[in-house]
Each structure stands twice: as structure tokens, then as C-alpha cells.
Amino acid sequence: MAKVNRNYLKLPDSYLFSRIGKKVREYGAAHPEARIIRLGIGDVTQPLAPAVISALQDAVEEMGKGETFRGYAPDLGYEFLRVAAAENDYRMRGCSISPDEIFISDGAKCDCGNLQEIFGTDNTIAVCDPVYPVYVDSNVMAGRTGEYDRSTGRFRNVIYLPCRAENGFVPELPGEVPDLIYLCFPNNPTGAVITKERLQQWVDYANEHGSVILYDAAYEAYISDEKIPHSIYECEGARTCAIEFRSFSKTAGFTGLRLGFTVVPEDLLVEGVALHSLWARRHGTKYNGAPYIVQRAGEAVYSEEGKRQGQAQIAYYMENAGIIAGELKAAGYEVSGGINAPYIWLRTPGSMTSWEFFDYLLEEANVVGTPGSGFGPNGEHYFRLTAFGSRENTIEAMERIRTMQTGAQ
């Protein structure tokens, strides 16, 4: 008789963003006259840059000709994109990452969830709290986390690293040593960043204890502070303890195209085994590569024109972030983030829970955000708004929030 993977049954409720979507659909059905503004899910709204569109059109033309048609992509991805990523994202920042250490994929979310497959199920994991749900959920599915305790909102075998206002939403080194450490900076959901000195401490800790850091740098393009590292490989010794995820989704608006990559240094060994070879085996076995036309679009992001246009889009979203943060502070909310990241993290009014504030904001202002408790227990009484809306919707959403009856008191 067939059997299900019972680890899936340990997952609490539905996926965070599925629950949000259901609530919004139900409210919209009951209030068809409402014009709902969505600042919850981190989906972009600006169109693709002209340089990207041009590259897509050229690549489509190539696919229509026998002499330039492409089929399956190489396992690691096309060399033209890996070379461009190695040069622009790493070598120009003094990081010694080669094109052969870059694995092109259809997005950082998939890689974050899939990469845990190359580690044994007896590995312990550590995650920031609050944190992007995929890190924990994918390890639950693999049977690495133990049972879920509804009274605490935590899994038994996960080491949670508290990220609170008191520590600037940056975790402290844990006393209990984990095998796998998930870090995300600039952080989703809090918008916090980590200094190079603090990140170096994590690298030294991982090398000392034989841990592996899984570093999500999906939002590095939003860093404006020159003192903040864009990559973990800016730290000495990171090549022997860290894997890094990158995404084109927020950097270049590729949420609809799907493109990203993962860096696995050849120096990174676990029990004498090169993780680069394991990920290459998994990648080649289970994945047939991002489409050629999308990889050409990714290459265009690194062109001079593409860089200029991409930076303009990022500036647009960060202006939105400034509007949101400024208006919320003026209304009396306790706010962080929105400076080196496109996320604004605010404390809910009074004793309101995250989901109570979600309902209140939806009903009173027809604005959708993300309840902080969906990112972990330490996210309770917090709320995330994104800067990825249009300028018009961002301004209108803040006007609606400012005129709500309760306010931040």
C-alpha cells in the first residue's frame, strides 16, 4: 500500500502567503466595491527594463532559426551568464568566485528549498526568528525538524535565533552548535542588515564548529550603505563554510521570468566530501535548466545599460520604502527596515496580534500586509509591508492608514 511522506503533516496550517491570499479573496468576494491595495507579498510592479526586453526579443529570434536554436541548457547554466555573474557580483567586490562555482536556476526560493537535500536528515538547523518560511518548511518536509509545538510556534529540533529590536534584528551566535545555519541579509522580513564584522563572526564560528552557512543574499542590490557586505564571500574563510543564494526577482524584476543562482565553492567540504560535486549531481539529475531566453535576459542585467536601468528601478522601490517608513513614523508607529532593504517592519498598535492587525488593516483601509507571526514566534506583534507597489498605490495606502481610527496608539 502506498504511503505518504508524513513529515508534510507536521507543517502548521497552510503556507503563510496562501492563507493571506485566501483571506483577501474572501474579503473581496464579500466587499466587491473595495479597492484593495496589496503591500504584502514581495512581488514587483515595475515593467522589465528595456535592456532586458531587447535581450529577450533577440533570444526569441535566435530560437526561431535552426543555426541558433538551443535545446537543453548546460547543467550549471550557460557560460555567458555564469561569467557575467562571477565578474560583476563577485570579482568586482574582491571575492574569488569562479564561473564554475555558480549554478544557474529558476530562482532562489527553489534553491533554498532544494539544497537541503544534499545534507543528511540528522543535521540540526538554526534559523533566524522571524524568518522566511521556506527555510523551515523545506526541512520539515525532509524530516529534520521534529514535531511542531503549537503552544510555542516552534519545531522541537530547530535552533531558533531570536531577532528582536533589542539586538537590531540581527541574531547572536548560538550556544548550541547547529550543523546548518540559515542567514538572510538584507533580511526578509525585518529589513535588517548585518555588518561585515558581525558576519565575519558567523563565518569564524561556522569554520570552528564545522557548520555550513546557507546565506540568502536575494536583496543585496538594495544595500546603499558602503559598510554593509553584499556577499558572505567578502568575509575571510567563507569559501570553506558558506553557500550563497542569489536572485534576479527583486534585483531586476524577474518574478515572472524566474532566474537565480547558487554559489557552492569547490573548497567547501563536509566529512571530506565536496558539496560542489553533490549539488552538481543533484542539479543535473533533477533539473533541466532555466530557459535560454531567460538566461540571455539575465546576462543583459549585467550590461552597462541594464545596470543603469536596474538601479533606477531599485531607486524607485526604495523611494516607496522611504514614503512608507516616513508616513508610519509620523503616525506614531514603531518602524524599522526600509533603508537597505525593500521591507518595512512595524510594531502592531497596542496589544494587537499580527493577524488581528492584518484583519483590521484589510477591513478599515483595504490594505494588505503580512503578519509577522507568519515568519516565526518572534514576529508576533509585528507586521511587514513591502515597497514593491506602484507609487500611486503606495501613497494612497499610506493615506488610508494615516486616517484609520485606531492609529498607532
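Seven strands make up an open sheet here: 7 strands in the order E2-E10-E9-E8-E7-E3-E6, with mixed pairing. Strands pair if DSSP finds at least two bridges between them, and the elements themselves are DSSP runs numbered from the N terminus, with helices (H or I) of at least four residues and strands (E) of at least two. This is a predicted model, in which local features need pLDDT of at least 70 and side-chain atom pairs count only at pLDDT 80 or more, while totals for chains, interfaces and linings use all residues. Residues are numbered from 1 along each chain as its sequence is written, and side-chain values use heavy atoms, with hydrogens and water left out.

**The mixed sheet**

- Strand E2 (102–105) and strand E6 (158–162) stand at the edges with a single partner strand each, so one side of each has no neighbour in the sheet.
- From one strand to the next, the twist averages 20 degrees; axes are lines fitted to C-alpha atoms (for helices, over the stretch in contact), and angles run from 0 to 180 degrees between N-to-C directions.
- At the E2 edge, 4 bridges link E2 to strand E10 (residues 260–263) in the antiparallel sense, and Phe103 stands opposite Thr262 in E10.
- Helix H3 (residues 79–90) lies across E2, strand E9 (242–247) and E10, and runs at about 115 degrees to E2.

**Helix H5, tucked inside**

- Of the 9 residues of helix H5 (residues 133–141), 8 are buried, so the helix is largely enclosed by the rest of the structure; buried means under 20% relative accessible area, exposed over 50% and partly exposed in between, with a 1.4 Å probe and protein chains only.
- The buried residues in H5 are Pro133, Val134, Tyr135, Val136, Asp137, Ser138, Asn139 and Val140.
- Their packing partners include helix H1 (16–30) and helix H4 (108–114), and also strands E3 (125–129), E5 (154–155), E7 (180–184) and E8 (212–216).
- After H5 comes Gly143, with a positive phi near 85 degrees.

**Helices H1 and H11**

- H1 packs with helix H11 (residues 354–365) at an angle of about 35 degrees, and their axes are 11 Å apart.
- Their crossing is right-handed; by convention, the near helix is turned clockwise from the far one by less than a right angle in a right-handed crossing, and anticlockwise in a left-handed one.
- From H1, Leu16, Arg19, Ile20, Lys23, Val24 and Tyr27 meet Trp355, Phe358, Asp359, Leu362 and Glu363 of H11, where contact means heavy atoms within 4.5 Å.

**The antiparallel sheet**

- Another open sheet has 4 strands in the order E13-E14-E17-E16, with antiparallel pairing.
- Its edge strands are E13 (335–337) and E16 (370–371), each pairing on one side only.
- E13 and strand E14 (residues 343–347) run antiparallel and are joined by 3 bridges, with Ser336 opposite Trp345 in E14.
- H11 reappears here: it lies across E14, E16 and strand E17 (382–386), at about 45 degrees to E17.

**The protein as a whole**

- The protein has 12 helices and 17 strands, and its C-alpha trace spans about 60 × 55 × 50 Å along the principal axes.
- Its radius of gyration is 21 Å, which agrees with the value near 22 Å for a compact globule of 409 residues; the radius is taken over C-alpha atoms, and the globule rule is 2.2 Å times the number of residues to the power 0.38.
- Of the 409 residues, 56% count as buried.
- Among contacts between residues at least 6 apart in sequence, 74% join residues at least 24 apart.
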